[in-house]
Amino acid sequence: MQQINDFLLTLHSYLGGHPWFVFLLLGTGLFFTLYLRFPQIRYFKHAIRVVKGKYAKEDDEGDTSHFQALATALSGTVGTGNIAGVALAIHLGGPAALFWMLVTAFFGMTLKFVEITLSHKYRDFTSDGTVSGGPMYYMRKRLNMKWLAAFFAIATVLSSFGSGSLPQINSISNSVFATFGVDHIITGIIMALLLGFVIIGGIRRIARVTEKLVPGMAVIYIIGAFAVIAYNYQNIGSAFSAIFTDVINGTSAVGGFIGASFAFAFNNGVNRGLFSNEAGQGSAAIAHASAKTKEPVSEGLVGLLGPFIDTIIICTITGLVLLSSGVWSQKIENEFQETDIVVLDQQYDTSNESELKEIKTYMMDKGSLDMFSGELTAENGNIIEDNTILHARSVAEDVIVYKNQNPYTGKINVDAGVLDTQSGEIVLKGKSLIHSAPLTAEAFKRSYFGDYGQYIISIGLILFAFSTAIAWSYYGDRSIIYLFGSKYVIWYRLAYVAAFFFASFTDTTIIWSLSYLTVVFMAIPNLFGLLMLRKEVRSTIKKYWFDFKKEWPDEKTPE
């Protein structure tokens, strides 16, 4: 398992984790922001009027209203990225990572506007009368690049599992197990049955569910978040200070001793920002293509609001919860994730400056440490040897070994720092940094709700992640229709539900690593396609405002 995870991370380091991808993503967003003269600012008020249905017409063709399309797209983005993803970004990159997430979202608003406009413009109507759209259609119809369209569609199918199905149920089952003690498999069965019921009904049932689910889950989460922020109000100033100081200085003290460089914070912030709002990935464009309107630009304007709601509002709130509560830099008693455990060849003293520097360098992927190979001896749960054990980018403390939930006495094989857990029978518990959903759940305990705050995260994760899985099933089935036709959609949906179930008891680290890759496989062809059609985007926008002024002469416009 560790070898698979290492391979995925290595491959990702050459793709999404490499600076060239970060600059491609931000660079494309910056280019269109300047090229179109800051549409995310100038068109913001008009976008709100459109989503409220002010300019809707009875004869508009499509499957969903503007609000339903936005709700479906938001259900695909407002998910584990807002709860677990922000926590992971801050865990890896420090407070500065949140700043770069917001920067990514600001430029992402323009990217969403552009990709949705083009996807809606070149959408198709299928034989059953429903709409099928997305970047693959403008790639085929306008760019005449069928191979690129097929690559994008295949990447979308893979991403529907890597982004939509696998990490969502994994976060749900982990949170429910940690909070309520419910077995992962039981959670997987229940949620898979619910998922199957919703997605069999297609986009119209999906839209009816998401338009009610998204506002409700947002209200629950925001109430819980403000209970944390208000409870820790004295730390709000220091939280903002930590963000901007971290950005200016380029380093942060993670866990009291692990420094995150500027590049580390920048890369993690941008990558988690993309995972959170999916701007540039092209996924939301598939949902927005179903909207009832003859004007592609109007739906592009609706999509522009997505990153603002998803990242600039919700992710900022999550970030303030983590920073004001202080849990992001505290070692917490927890059960160690197998793929986060590393056994070093010696004992390191973090009070020693030179040894501390070695660990810092290793944690930022800029150096190497000797890994232990051999046997560790446990007596009544305590490891006899003095080898330093790392977990979740921190030196683990008070480590106890369990086998079948009892303190373990015996030998543990270690190969190049990797524990042989005997197929999961052996687990390690102790104090270390934590990340992802467990970190946010711990932060929600530091509020007026006390320990009950963790239940808000559990409920929020269930709602957020389930809605994301619903939306991504639609993205995947539209891609299957594009590639193979409507008759194969049912087989895709069955596979999607089955994968949803199995991921409920699969290690979370590998799932996150897989999701990094599938995101990149969609984003790269989409970003290049948008750049190639930049002139058409601008001319389409100009025509929209020309026609709008003729039809609505009394309305104020930004053009």
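This report describes two helices, α12 and α19, and a nonpolar surface patch in a predicted model. Residues are numbered from 1 along each chain as its sequence is written. In this predicted model, local features need pLDDT of at least 70, side-chain atom pairs count only at pLDDT 80 or more, totals for chains, interfaces and linings use all residues, and side-chain values use heavy atoms, with hydrogens and water left out.

Helices are DSSP runs (H or I, at least four residues), numbered from the N terminus. The expected span is 1.5 Å times one less than the number of residues.

| Helix | Residues | Length | First to last C-alpha | Expected span |
|---|---|---|---|---|
| α12 | 236–249 | 14 residues | 20 Å | 20 Å |
| α19 | 489–502 | 14 residues | 20 Å | 20 Å |

Buried means under 20% relative accessible area, exposed over 50%, and partly exposed in between (1.4 Å probe, protein chains only). In α19, the buried residues are V489, Y492, R493, Y496, V497, A499 and F500. They lie on the same side of α19 because they cover an arc of only 160° around the axis, the arc being that of the directions from the helix axis to the C-beta atoms. An α-helix has 3.6 residues a turn, so residues three or four places apart point the same way. The cover over the buried residues of α19 includes α9 (146–180), α10 (184–199), α11 (202–231) and α18 (453–484), where contact means heavy atoms within 4.5 Å.

On the other side of α19, W491 and L494 are exposed; W491 has 59% relative accessibility. Both residues belong to a nonpolar surface patch of about 670 Å², made with I200, F484, Y488 and I490. Helix α19 gives the largest share of this patch, three residues. Such patches consist of residues with over 30% relative accessible area and no salt bridge, with nonpolar side chains (Val, Leu, Ile, Met, Phe, Trp, Tyr) joined within 5 Å and like charges within 9 Å. Accessible areas come from the Shrake-Rupley method with a 1.4 Å probe, and a salt bridge is a side-chain nitrogen of Lys or Arg within 4 Å of a carboxyl oxygen of Asp or Glu.

In α12, A239, I243, D246 and V247 are buried. Their arc of only 100° around the axis puts them on the same side of α12, whereas I248 and N249 are exposed on the other side.
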